[in-house]
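Here is a short report for a reader new to this structure. Keep the view of the chain open while reading.

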Amino acid sequence: MIFNKLITSLISFVVFCSQLVASGSITGTITYKGKIPKLKKFDMAIEPVCMQKHETDPIRFTGRSEALVLGDGNTMGNIFVQVVSGLPKKEYSSPETPVILDQNGCTYSPHVLALMVDQPLKFLNSDGLLHNLHTLPEENDEFNVTMPKFLKETIRTFEYAEGMFPIKCDVHPWMGGFVAVLDHPFFAVTKKDGVYKIDGLDPGEYEIEFWHEKLGTRNATVSVKEGDAQTLDFVFKR
Ligand SMILES: [Cu+2]
């Protein structure tokens, strides 16, 4: 009897606690509206290994296709979504799990990535070719690392929060990508389906920024209630 009561109180306590911390989320799909620019082809002739990797995926040859990756219904990939205001002022710990950037088929996979301050960024060299990793940040230290064909991976971290900056390979002029460093975990990068989700948000009013490498940034505000899953779709118009 006492045991049952104890269990009941324990359950109510757990439910009470979970309500206290019920966080909200923002999710949505990003789509493109406008003229689709003509895609220019990469010329990878100097690297037959990479050309072969793209034989079955000719779209990946197209230089601008990385800048405009569209899925069914013109959903947009490579959109960086982040909360830019409304967050409580506090320090967030960085994950120890590395973010992976693979040099594969002489392209960066992913083309756009975001990670937290001090979170490891692990660069892989699946191509087994000579690449180099050259970042062009403004706040963080620039690095220019040679990745010889025998070097399978190398790890770097970033000291300061910073918006999107380019990374490029000086060996293959078409290879380029973008990296952003954040001091909070409320961000996402879309894949081809254009879907993003940011969760773990306290109730509040947030400003969300959508970034695209050519179209720049757009902002929207959204109000999140306790335990709420808010939908915020966005259309990039050109
Ligand atoms: Cu390269």
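## The open sheet

Strand 5 and strand 11 run parallel and are joined by five bridges. One such pairing is between Ala 114 and its bridge partner Ala 180 in strand 11. The model showing this is predicted.

Both strands belong to an open sheet of five strands. The strand order is 5-11-10-7-8, and the pairing is mixed. Strand 5 (112-116) and strand 8 (144-147) form the edges, each pairing on one side only. On average, neighbouring strands of this sheet are turned by 25° against each other, direction ignored.

## The copper site

Which residues hold the donors of the copper ion? They are His 131 (ND1), Cys 169 (SG), His 172 (ND1) and Met 175 (SD). These protein donors lie 2.0 to 2.6 Å from the ion. Along the sequence, the donor residues follow the spacing H-x37-C-x2-H-x2-M. His 131 and Cys 169 are 38 residues apart, so this pair links distant parts of the chain. His 131 sits in strand 7 (residues 131-135). Cys 169 sits in the loop between strand 10 (162-168) and strand 11 (176-182).

Why is the arrangement irregular? The angles between the four donor atoms run from 94 to 137°. A tetrahedral site needs all angles between 85 and 135 degrees, so this one counts as irregular. Two of the donor residues can be placed by accessibility. His 131 is buried, at 0% relative accessible area. Cys 169 is also buried, at 3%.

## Backbone details

The peptide bond from Ser 109 to Pro 110 is cis, with omega near 5°. Pro 110 lies in the loop between strand 4 (107-109) and strand 5.

Two residues other than glycine have a positive phi. For Cys 106 the value is about 55°. Cys 106 is in the loop between strand 3 (99-104) and strand 4, and is buried with a relative accessible area of 0%. For Asn 74 phi is near 60°. Asn 74 is in the loop between helix 2 (48-53) and strand 2 (80-85). At 27% relative accessible area, Asn 74 is partly exposed.

## Confidence

The protein averages a pLDDT of 89, and 87% of the residues score at least 70. Over residues 14-19 the pLDDT is below 50. Beyond near neighbours in sequence, that stretch has one contact in the model. Where pLDDT is low, predicted coordinates should not be read in detail.

Terms used: Residues numbered from 1 in each chain as written. Predicted model: local features only at pLDDT ≥ 70, side-chain atom pairs only at ≥ 80, totals over all residues. Heavy atoms only, no water. Donors = N, O, S within 2.8 Å, 3.2 Å for Na, K, Ca; no water. Tetrahedral: all angles 85-135°; square planar, octahedral: opposite > 155°, others 65-115°. Helix = DSSP H or I, 4+ residues; strand = E, 2+ residues; numbered from the N terminus. Buried < 20%, exposed > 50% of the residue type's maximum accessible area, 1.4 Å probe, protein only. pLDDT = per-residue confidence, 0-100. Contact = heavy atoms within 4.5 Å. Pairing = 2+ DSSP bridges. Axes fitted to C-alpha atoms, helices over the stretch in contact; angles between N-to-C directions.
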